[in-house]
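Reader: I would like a close look at a single part of this model, with its strand neighbours and its surroundings described together. Please take one strand and build the picture outward from there.

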Amino acid sequence: MGLPVGTLMYLGVLWGKSARYGGGRMNLLISHMLDTAAVAERMWDGYLAPSVREMLERVSGGDGRLFFMWLCGIHDLGKATPAHQALDEEGQRAVLATGLQWRRSVVDGRRGRWRHDKAGGKIVRDVLSGVWNPGAVGWVWPLVAGHHGRVPSVSVYRGGGLSELHGRSPEWRDAQDAVLTVFTRCLGYAGLGDVEPVMTPSKAEQLCLSGLIVKADWIASDTRQGRFQGLGRLAEVSLAGARVRADQAWRSLRLRGGWGRLPHPAQGDLLQRRFKVSARPSQSLLVDIAWSIPSPGLIFVEAPMGEGKTKGMLAAVEVLAARFGTDGVFLGMPTQATCDPMYDEVRGWVEKVAPDLADHVGLLHGKRRFNLSWRKAWSTKDRGDLPAWDGSVGADEFGMDDVFGAGAVGASTCSCSEEISGPSEWFLGPKRGLLCPLVVGTIDQLLLAATRTKHVMLRFAGLAGKVVVLDEVHAADVYMRQFLSEGLRWLGQARVPVMLLSATLPPAQRSMLARAYLEGALGQVDADVSGLPEPEGYPSVTAVFAHHDGPGFLSGSAASWRPSQPVRVAWLPDVSRDGAAVVQVVKEKLADGGVALVVLNTVERAQRVYEQLAQAFPGEAELLHGRLCAAHRADRTRSCLEFLGPDAGKERPERRVVVATQLAEQSFDIDADLLVSDLAPVDLLLQRIGRLHRHQHTRRPPHLMQAEVLVTGIAPSKKGSVPELLGASCGIYGRHRLLRTAALIARDAGLPGEKQEGVVWSVPEQVPRLVAEVYGEGRFCPTEWSAAEESASEEWRTQEETRAAEARRFVLGRQGEWAKPTLDGLHVAGVGYASDEELRDAVVRDGEMAAEVVIVRRAENGYRALVGGAWLGVHGEACERDTVCDAAIGGLTRLPAKNGRLAAAVEKELRPLDGWLHVQGLRYARALVLEKSGFAHLAGFRIGYDERLGLTVEDETRP
């Protein structure tokens, strides 16, 4: 191969995985590199999106497939150093025998300072600096140095003290050169110079490549069931053999990509072909703009509730995917509850677009095992919901974890035989879910991909190459919008088409999000959005994109598919804890039948109101809130949709009351005859109104034929006085937006408590104007409220600035670094990593760490499930059976997230039951045990669970 014979012998002793982690046999470094390259080749053929392949072709000068194999294969170069080779006694003896030496006293005591990921970056810099141009070296080395989840700064290579760990002798430099050169020639390149890329990909494209390298490495590190077992003799190693191993592993893991390159849909009514319905004007507008946009861009879809945004969006996804070479879709929803109905709708659509992919749609949220459709597709016998190694546990200081073997945390017991049907369990592992070709999940999945966290590149790689859709984006507060904007910057730079769906967006928020996407797409800080058109009508579609090195815009509006309806809005003053006035009016309004939805802002108020209404209407009241256990929440949501949803028909009851918190605000497709709502900011109030008289052809009692909403959570007030607002509502939304919304209603309906007929809003016609008025600049409240408005406004501005600044500490690209051309230093001074749902909420939701527990009941000599009472065993060991495990997880419940004292106690005092330590899905769960009294005592709180009311929390420290 043109190398000295002496250097070639190094390849026969430098090991990549010890026998312990190589499936019983040591695996040579060159073998693992070729295995990873072969996996990358399979990813090219059967996983990478056409748009990603096209990017690699551009970067490599037309040799994208081979270049991708090379990039993935060199990730472990840093193992050709004393710091790594000294980790295994058996392996180091053979290395030392070749003349590669090190001072054991130095290396053994300091090897933790020089992990092989950082060392690999240095080898790339040292070996390629004299062969490639500096710019090419500058963007490739961070991909190698960051393949264990964090990208270091180039500063780690400055200064002394590491030469002994890295290999100071000429022999070590020759060995490192030989590993890289021989690997390169094994792939078919004549030499290192032939690999040099012809252009630098964007920073976002580099992040995508970094994540794909991690994926290839993880697959090639899997030694389960005979995959990639160690090859300890150089004569056994070849690219042809690695290809056979990769092919067998790929098939046994059942890995696959999305739909590839979709054919362009035929012109005509796409919705008719896909959903057997004629396109409404707003849906046709959206599809037309998807056809017209000249390059991948950001599309705002603003339409009223029930307009058909979902079907129009799915048709537009198909068009965008076909035009821009995306291989799948990520659909982000605001909550776990809104994911489930969307998951079923997306699966139905996929059955028409790519039938073989229908069972490969992933669902990403913490309670997905309670979704029957997902379980049917993804959970098979002996498999279940298998969390796999996430690269963040164990002794990974040196990258030595037995990441897939029997000793690994979360190791699978599945035989992975070809007979087990369904999608690949590989995607069920932490941090891997977004890599599934088609995904429905919470918006947190995207927000976390915009944080400076460990393995963020893996998450971003799961978004690049997809069409990204986010629903109900108006629900993102100022804290979440920092991550949303950051995510849009990276997606814009990666040329990912994005759709944002909302009932309506305040103009300032629309401009902020458009600017963020264009900053990425144009590579400009503070991109100019002065040309962003304000929608002329409603519903509307607005697109922004990079065009000829500048911003481009498209905009249009359409008539709503159904005429606006008058909605009477009136006051129902009540700030009491038990909601006495609310109960009384619902009893009066439903005396002769009807369906009422009561949306209250706190769990406690909802529980108290429900108790009274349940007594008034036995068997006809339902309660929904975030502190129900998983089983009850899933069952009640399903029941509401069954009897009050669009397909209820004759099943719709004569009378029903649904008392809910904000869960009913978004993607909750029920139809109510009457709405009673606590005061909320106008956009959210309008979302609640979207459940009122929602479906056509619904049978309604004569006395409820007029759509009516009664706004409560406000006290009676006299002319000239500022109304008293429910304190808890101010804590949730801030007094500023609530005062301005109250002023909007009072302007025409009068003050709360005055004799008045209410105000009639034309919905959806007036929706944009109502939102714009409340969210506009300048004073809006009556003159008598001016002082209160100014005080609330100042408090709101201070809080917004504080929260935004707090969020910016965690965003992926720090201020002033967006223009950096490479990933160098991405994780310097970062926040560590967030691998679980609790920490994710703390990072991207601006809350206390959510205290989520699995509630179980103490029984004679053991435990029983919270719901159904299934016997869990003396120590919980019966949960090793899937049906019992499901029963236990049905008790998953979230404690009050804002109570720091309670959350800290959960973290400090609660642990899994002893019998759960080897149970997938429960091994990390914190058990809250209700004693025979029915209560648990924790941090001064008495905690119980009522079958009807859900979680109850009483602070025993209060007098």
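Author: In this predicted model, a good place to begin is strand E16, residues 707-712, which is mostly covered, since six of its six residues are buried. The side chains of Ala707, Val709 and Val711 point one way from E16, those of Glu708, Leu710 and Thr712 point the other way, and all of these residues are buried. Such a pattern is in keeping with a general rule, because in a regular strand the side chains alternate between the two faces of the sheet.

E16 has pairing partners that can be followed one after the other. Strand E11, residues 565-571, pairs with E16 in the parallel sense over five bridges, and within this pairing tryptophan 571 has valine 711 of E16 as its bridge partner. Strand E15 also runs parallel to E16, to which five bridges join it, and here leucine 674 stands opposite glutamate 708 of E16. The connection between these two strands involves a helix: E15, helix H26 (residues 682-689) and E16 make a right-handed β-α-β unit.

A residue of E15 helps to tie these elements together. Serine 677 lies in E15, which spans residues 674-678, and serine 677 counts as buried because its relative accessibility is 0%, where the cut-off for buried is under 20%. Leaving aside residues up to four places away in sequence, serine 677 touches Leu710, Val711 and Thr712, as well as Leu685, Arg688 and Val599.

How values were computed:
Residues numbered from 1 in each chain as written. Predicted model: local features only at pLDDT ≥ 70, side-chain atom pairs only at ≥ 80, totals over all residues. Heavy atoms only, no water. Helix = DSSP H or I, 4+ residues; strand = E, 2+ residues; numbered from the N terminus. Buried < 20%, exposed > 50% of the residue type's maximum accessible area, 1.4 Å probe, protein only. Contact = heavy atoms within 4.5 Å. Pairing = 2+ DSSP bridges. Right-handed = clockwise from strand over helix to strand, strands pointing away.
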